[in-house]
Amino acid sequence: MNLEQTDKQYVLNTYARNYVNFTKGINATLFDDKDNKYIDFTSGIGVVSVGHGNKEVADVICDQVNSITHTSNLYAIEPQAKLAKKIVELSGYDMACFFANSGAEANEGAIKIARKYGETKFDSKRYKIVTLGHSFHGRTITTVKASGQKKMHSDNFSPYPDGFSYKHKLDDIYAQIDDETVAVMIELIQGEGGVQPFPKEDIQKLARFLKEKGLLLIVDEVQTGGFRTGEFLASNLYDIEPDIITLAKGIGGGVPIGVVMTKYKDIFSPGDHGSTFGGNFLVTSAAHKVCEILEKHKDTGLLDETIIYFETKLKKLYEENKHLFYKEVGLGLMRGLRVNDEETLTKIVNNAFDEGLLLLKAGKITLRFLPPLTISKDEIDEGFDKLARAIKIITI
Ligand SMILES: Cc1ncc(COP(=O)(O)O)c(C=O)c1O
């Protein structure tokens, strides 16, 4: 049985898979089992922030598993405490962390914090959370319902938990808030929804409004966190102080991790929440190294340089291909090009793959770029050359 046959027989059919067999990665470059080379402009959907095969992270992981991989959260875990400190310090907020294993789980934790806050801090119960249309917050039953995309609320998985409602525009959120609402949950730059950043002033206005009312602002930074936008958090870039922030993806550089951090440091008591694997020795030592590498990448100016270099290339490609694209969107190394139609987007992604370039789609018509934050200029050049060739085939 080859890989495709084995996968199809033994793995449940939840992904429209490409059956390339990657066997090795170096920074933003991948190789398959036939030694074909690919430039990775996806980093595993914003995960491999410090690149594939990162030697420093690999060494930390090896050292850690050679001593202790896992105990349980019933004992103190030194790398967990150190990672929490690192994340809090990098954020600049006075918060504390809970560790989970994924973005969805981090958001589940955020929703539990908001619900407990709504139960305990007001005279009468508040539990409703307003989120945005096109938002994406995860695949668990609760986070599916928290996501504002209608197609995610399939009857196949109903009934869903109560208490979520959606508004497409930030300005419409205000009227949606009633005396049972406890929080608003948003991505500052919608990732899956189409790499859509919201205007800074509108976000700041919403943050001020919620603060005045004593309601919570939950910012889902699962995709935007870990320097993806050029700052440690998009919340830093937007100059706001959320009540709850969730992280995952790039913060672990490839190990499964989720983080929920909040300024309500005493909200939980033992028994309120937990996770068997969350925050174990292996993932937190790896994530700590990832944070250190990225902090240095930022402090030396390399991250900003990379962002400008990537952005310049992207803008040039956009200007030269306005017959295919109608808008350039995104921030930092979370970028997109809006394509005129769905069919062309699929062609671009497929042609790019044939040329040896990995790209993503977001929403229906956005060509999405989420390269490793450590991508080199040579890799950026090579990727854009491949993309230009992929586009040329369509244009001809
Ligand atoms: C903004 C956002 N929130 C939550 C999630 C869910 O994360 P996970 O797939 O790790 O559960 C994602 C995943 O794409 C995301 O982009």
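Two strands count as paired when DSSP finds at least two bridges between them. That rule is needed for several stops on this tour of a predicted model.

**Whole chain**

Start with the full protein in cartoon view. Its secondary structure comprises 13 helices and 17 strands. The radius of gyration is 21 Å, close to the 21 Å that the globule rule gives for 396 residues, so the protein is as compact as a globular protein of that length. Along the principal axes, the C-alpha atoms fill a box of roughly 65 × 50 × 50 Å. Colour by accessibility next: of the 396 residues, 52% are buried.

**Strand β10 and its two partners**

Select residues 216-220, which form strand β10. Is this strand enclosed or open to the outside? Five of its five residues are buried, so β10 is largely enclosed by the rest of the structure. Show the side chains to see how the two faces divide. L216, I218 and D220 lie on one side, and L217 and V219 on the other; both faces are covered.

Now add residues 181-186, strand β7. Strands β7 and β10 run parallel and are joined by four bridges. To find the register, pick V184 in the viewer: L217 of β10 stands opposite V184.

Then add residues 244-247, strand β11. The pairing of β10 with β11 is also in the parallel sense, over three bridges. Here the residue to pick is V219, which has I245 of β11 opposite.

**The ligand**

Keep D220 selected and bring up the ligand. D220, buried on one face of β10, is also among the closest residues of the ligand shell, together with G103, A104, Q223 and K249. The shell holds 13 residues in total. By type, they divide into three nonpolar, six polar and four charged. Which helix gives the most to this shell? Helix α5, residues 103-120, does so with three residues.

Display the side chains of Q223, K249 and E192 for the polar contacts. An N or O atom in the side chain of Q223 is 2.7 Å from an oxygen atom of the ligand. For K249, a polar side-chain atom lies 3.2 Å from a ligand oxygen atom. For E192, the distance from a polar side-chain atom to an oxygen atom of the ligand is 3.4 Å. Switch to a surface view after this: on its own the ligand has 390 Å² of accessible area, and the protein covers 82% of that.

**A four-strand open sheet**

Leave the ligand and select β1, β2, β3 and β15. These four strands make an open sheet in the order β1-β2-β3-β15, with mixed pairing. Where are its edges? They are at β1 (22-26) and β15 (357-358), each of which pairs on one side only. Strand β2, residues 29-32, pairs with β1 in the antiparallel sense over four bridges. Label F22 and D32 to check this pair: D32 in β2 is the bridge partner of F22.

**The loop between α6 and β6**

Go to the loop between α6 (141-146) and β6 (164-167), where K150 is placed. K150 has a relative accessible area of 74% and is exposed. The same loop holds P159. A cis peptide bond joins P159 to S158, with omega about 0 degrees.

**From K150 to K327 to V195**

Draw a C-alpha distance from K150 to K327: it reads 25 Å, for a separation of 177 residues in sequence. K327 is in strand β13, residues 325-331. With 38% relative accessibility, K327 counts as partly exposed.

Draw a second distance from K327 to V195. These two are 132 residues apart in sequence, and their C-alpha atoms are 11 Å apart. V195 sits in the loop between β8 (189-190) and β9 (196-197). Its relative accessibility is 0%, so V195 counts as buried. Its phi is near 55 degrees, a positive value in a residue other than glycine.

**Last stop: D239**

Finish at D239, in the loop between α9 (234-237) and β11. This residue, which is not glycine, also has a positive phi, near 60 degrees. Is D239 buried or exposed? At 58% relative accessibility, D239 counts as exposed.

Key:
Residues numbered from 1 in each chain as written. Predicted model: local features only at pLDDT ≥ 70, side-chain atom pairs only at ≥ 80, totals over all residues. Heavy atoms only, no water. Near = heavy atom within 4 Å. Polar contact = N/O pair within 3.5 Å; in protein donor to acceptor, adjacent residues only side chain to side chain. Areas by Shrake-Rupley, 256 points an atom, 1.4 Å probe, with all protein chains shown as cover. Helix = DSSP H or I, 4+ residues; strand = E, 2+ residues; numbered from the N terminus. Nonpolar A, V, L, I, M, F, W, Y, C, P; charged D, E, K, R; others polar. Buried < 20%, exposed > 50% of the residue type's maximum accessible area, 1.4 Å probe, protein only. Rg over C-alpha atoms; globule rule 2.2 N^0.38 Å.
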